[in-house]
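Visitor: I am new to reading protein models, and I would like to know how the words people use are backed up. Could you take me through this one?

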Amino acid sequence: MDFESLSQLLDYFKEEETCIEYYRNIRWPGKFVCPHCGAEDPYVTKRGFKCSNSECYRKFSVRVGTFFESSKIPLRIWFAAIWLATNHKKGISSIQLSLNLGIAQKTAWFVLHRVREMLKDKDPSMLGGG
Ligand SMILES: [Zn+2]
């Protein structure tokens, strides 16, 4: 999926549910399984997912085991930061990021730091094309 502008991306990912759905398809392409036991077709709940295996039955979110996991920052902020970081070849500052996304500079710094780490050791293709 390619976005031509930041506003297009933010429009598309207006709802956190849309982000979750999108990221779920990246993490579990084709076959959606519980990350704890591998059972197929976990239940979709309001806040995330729940394993369908009665011996596991654990709740989990799309963020489990990712670099998003330890934060409460909305996924659309992460997606936007990744988009900005990959589309600004000369790099983007946390000040720019906080202005673009309307978030605190401290948050922007945290997000940007994590995104840079991720782009360094992973294929930045999670938003398509990269
Ligand atoms: Zn399970």
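**How do we know?**

Guide: Gladly! On one side of helix α5, Lys106, His113, Glu117, Lys120 and Asp121 are exposed. Please keep in mind that this is a predicted model.

Visitor: Which residues of α5 are buried, then?

Guide: Ala108, Val111, Leu112 and Val115 are the buried ones. A residue earns that word if 20 or more other C-beta atoms lie within 10 Å of its own, and it is exposed if there are 12 or fewer.

Visitor: How do you know that the buried residues of α5 line one face of the helix?

Guide: Look down the axis of α5: its buried residues fall within an arc of 100 degrees, so they line one face. These residues pack against α3 (75-87) and α4 (94-101).

Visitor: What makes you confident in the span of α5 (residues 105-121)?

Guide: We can set two values side by side. The expected span is 1.5 Å times one less than the number of residues. For the 17 residues of α5 that gives 24 Å, and the end C-alpha atoms are 25 Å apart, which agrees.

Visitor: How does the span of α3 come out in the same kind of check?

Guide: Its 13 residues should span 18 Å, and its end C-alpha atoms are 18 Å apart, so the two values agree. In α3, the buried residues are Arg76, Ile77, Trp78, Phe79, Ala80, Ala81, Ile82, Trp83 and Leu84. The buried residues of α3 pack against α1 (6-12), α2 (16-27), α4 and α5.

Visitor: What makes up the largest nonpolar core?

Guide: This core has 19 residues, and those with the most contacts inside it are Trp78, Phe79, Ala80, Ala81 and Val111. Helices α2, α3 and α5 each supply at least two of its residues. The largest share, eight residues, comes from α3.

Visitor: Which residues is Val111 in contact with?

Guide: If we leave aside neighbours within four places in sequence, Val111 is in contact with Ile73, Ile77, Trp78, Ala81 and Leu97. Being in contact requires C-beta atoms within 7 Å.

Visitor: Why is Glu16 called exposed?

Guide: Glu16 has 11 other C-beta atoms within 10 Å. The cut-off for exposed is 12 or fewer, so the word fits. Glu16 is found in helix α2. Setting aside residues within four places in sequence, Glu16 is in contact with Pro74 and Leu75.

Visitor: Why is Asp41 called partly exposed?

Guide: Asp41 has 13 C-beta neighbours inside 10 Å. Exposed needs 12 or fewer and buried needs 20 or more, so Asp41 falls in between and counts as partly exposed. You will find Asp41 in the loop between α2 and β1.

Visitor: What is the phi of Asp41?

Guide: It is positive, about 50 degrees, although Asp41 is not a glycine. Most residues other than glycine have a negative phi. Tyr57 is another residue other than glycine with a positive phi, near 55 degrees.

Visitor: Where is Tyr57, and how exposed is it?

Guide: Tyr57 sits in the loop between β2 and β3. With 15 other C-beta atoms within 10 Å, Tyr57 is partly exposed.

Visitor: How far apart are Asp41 and Ser52?

Guide: They are eleven residues apart in sequence and 6.7 Å apart in space, C-alpha to C-alpha. Not counting residues up to four places away in sequence, Asp41 touches Phe32 and Ser52.

Visitor: How do you know that β1 and β2 pair?

Guide: At least two bridges are needed for strands to pair. Two bridges join β1 to β2 (residues 49-50), so the requirement is met, and the strands run antiparallel. Val44 stands opposite Phe49 in β2.

Visitor: What makes β1 and β3 edge strands of the sheet?

Guide: The open sheet has three strands in the order β1-β2-β3, with antiparallel pairing. Strands β1 (43-44) and β3 (59-60) each have a single partner strand, so one side of each is left without a neighbour in the sheet.

Visitor: Which domains is the protein divided into?

Guide: There is domain 1 (1-15 + 67-121) and domain 2 (31-66). Their centres, taken over C-alpha atoms, are separated by 26 Å.

Key:
Residues are numbered from 1 along each chain as its sequence is written. This is a predicted model: local features need pLDDT of at least 70, side-chain atom pairs count only at pLDDT 80 or more; totals for chains, interfaces and linings use all residues. Domain bounds come from an automatic or database domain assignment. Helices (H or I, at least four residues) and strands (E, at least two) are DSSP runs, numbered from the N terminus. The arc is that of the directions from the helix axis to the C-beta atoms. Two residues are in contact if their C-beta atoms, placed from the backbone, lie within 7 Å. A nonpolar core is a set of buried Ala, Val, Leu, Ile, Met, Phe, Trp, Tyr and Cys residues joined through C-beta atoms within 7 Å.
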